Amino acid sequence: YLTIKQYQNVTIDLNNHIIRTSTEAQSATQVVLNSGTLTIEDNSQDKNGKITNAALKPDMSKIPGKGDYLILNDGTFTLNSGTLECTSTGAATYAVENHINSNKVSPTFIMNGGKLIHEHASAVRMYLNGTMYEGNTNSVIINGGTIESHGYGVAVHYSTSSTIAPH
């Protein structure tokens, strides 16, 4: 997968191209791991650029222990145009996983345009779990674009910890 490290600034212009990926891993998978600043856009005339992902061995448990994501974001991720599509089955599969990591960085996902598609589950998950993340925020800002999902457009997953859950 593509890794964008903390303090890196990367822009991906899909330019009307389609990137298809699939994974067979038994552990959590992602196509892009963003810990820095990532912008995805399609500056072509047709704006049909897409990144699509299918996890071939998703965790089908009722309460899954692993997730499969197109974008695992624990930095700042902006979608301006283009399509992100997750075709994986399983409850813990998302087009965008907005995730606070052990570096205690507060993730932000900004959707200015484009499209998020998930045929089988929720499109975006905001994840905050465990007392080690107290004081952090998890932000999803939607200014435009389209979200199509079988589940929730944006799902919030929070800890059952009495100190974290109220946030």
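## Aromatic pairs

Rings of Phe, Tyr and Trp, the last taken by its six-membered ring, are said to pair if their centres lie within 6.5 Å. By this criterion, a search of the whole structure, which is a predicted model, finds 2 aromatic pairs. In the pair formed by tyrosine 69 and tyrosine 94, the ring centres are 6.2 Å apart and the planes meet at 15°, so the pair is stacked. Planes under 30 degrees apart count as stacked. This pair links distant parts of the chain, since tyrosine 69 belongs to strand β7 (residues 68-73) and tyrosine 94 to strand β10, 25 residues apart. Tyrosine 69 is buried, with a relative accessible area of 8%, and tyrosine 94 is buried with a relative accessible area of 8%.

The rings of phenylalanine 77 and phenylalanine 109 also form a stacked pair, with centres 5.1 Å apart and planes at 15°. Phenylalanine 77 is part of strand β8 (residues 76-79), while phenylalanine 109 is part of strand β11 (residues 108-111), so the pair ties together parts that are 32 residues apart in sequence. Phenylalanine 77 counts as buried at 0% relative accessibility, and phenylalanine 109 is buried with a relative accessible area of 0%.

## The chain as a whole

The chain contains 16 strands and 0 helices. Of its 167 residues, 49% count as buried. The chain exposes about 8300 Å², of which carbon and sulfur atoms supply 48%.

Contacts between residues distant in sequence are a further feature of the chain. Among the contacts that join residues at least 6 apart in sequence, 85% join residues at least 24 apart.

## The largest pocket

The largest pocket has a volume of about 310 Å³. It is lined by 18 residues, and those closest to its centre are Ala92, Tyr94, Arg125, Tyr127 and His157. Tyr94 thus appears in this lining as well as in a stacked aromatic pair with tyrosine 69.

Three strands, β10 (93-99), β13 (124-128) and β16 (154-158), each supply at least two residues of the lining. The largest share, 4 residues, comes from β16. By type, the lining divides into 11 nonpolar, 4 polar and 3 charged residues.

## Strand residues and their contacts

Threonine 108 is found in strand β11. At 17% relative accessibility, threonine 108 counts as buried, because the cut-off for buried is under 20%. Leaving out residues up to four places away in sequence, threonine 108 touches Asn73, Gly75, Thr76, Phe77, Asn98, Ser139 and Ile141. One of these, Phe77, is a member of the stacked pair with phenylalanine 109.

Isoleucine 19, in strand β3 (residues 18-23), is partly exposed, with a relative accessible area of 37%. Its C-alpha atom is separated by 6.2 Å from that of threonine 52, although the two residues are 33 residues apart along the chain. Apart from its neighbours within four places in sequence, isoleucine 19 is in contact with Leu14, Lys50, Ile51 and Thr52.

Lysine 115 lies in strand β12 (residues 115-118) and counts as partly exposed at 29% relative accessibility. The C-alpha atoms of lysine 115 and isoleucine 147 are separated by 5.8 Å, and these residues are 32 residues apart along the chain. Not counting residues up to four places away in sequence, lysine 115 touches Leu79, Gly82, Thr83, Leu84, Thr146 and Glu148.

## Loop residues with positive phi

Most residues other than glycine have a negative phi. Asparagine 15, which is not a glycine, has a positive phi of about 45°. Asparagine 15 lies in the loop between β2 (9-13) and β3, and at 41% relative accessibility it counts as partly exposed.

Lysine 47, also a residue other than glycine, has a positive phi near 55°. Lysine 47 is found in the loop between β5 (37-41) and β6 (50-55) and is partly exposed, with a relative accessible area of 41%.

Methods
Residues numbered from 1 in each chain as written. Predicted model: local features only at pLDDT ≥ 70, side-chain atom pairs only at ≥ 80, totals over all residues. Heavy atoms only, no water. 1 Å grid on protein atoms, 1.4 Å probe; cavity = no way out; pocket = protein on both sides within 12 Å on 5 of 7 lines; lining within 4 Å. Points joined across faces, edges and corners; volume = space filled by probe spheres on them. Nonpolar A, V, L, I, M, F, W, Y, C, P; charged D, E, K, R; others polar. Buried < 20%, exposed > 50% of the residue type's maximum accessible area, 1.4 Å probe, protein only. Contact = heavy atoms within 4.5 Å. Areas by Shrake-Rupley, 256 points an atom, 1.4 Å probe, with all protein chains shown as cover. Phe/Tyr/Trp six-rings, centres within 6.5 Å; stacked < 30°, edge-to-face > 60°.
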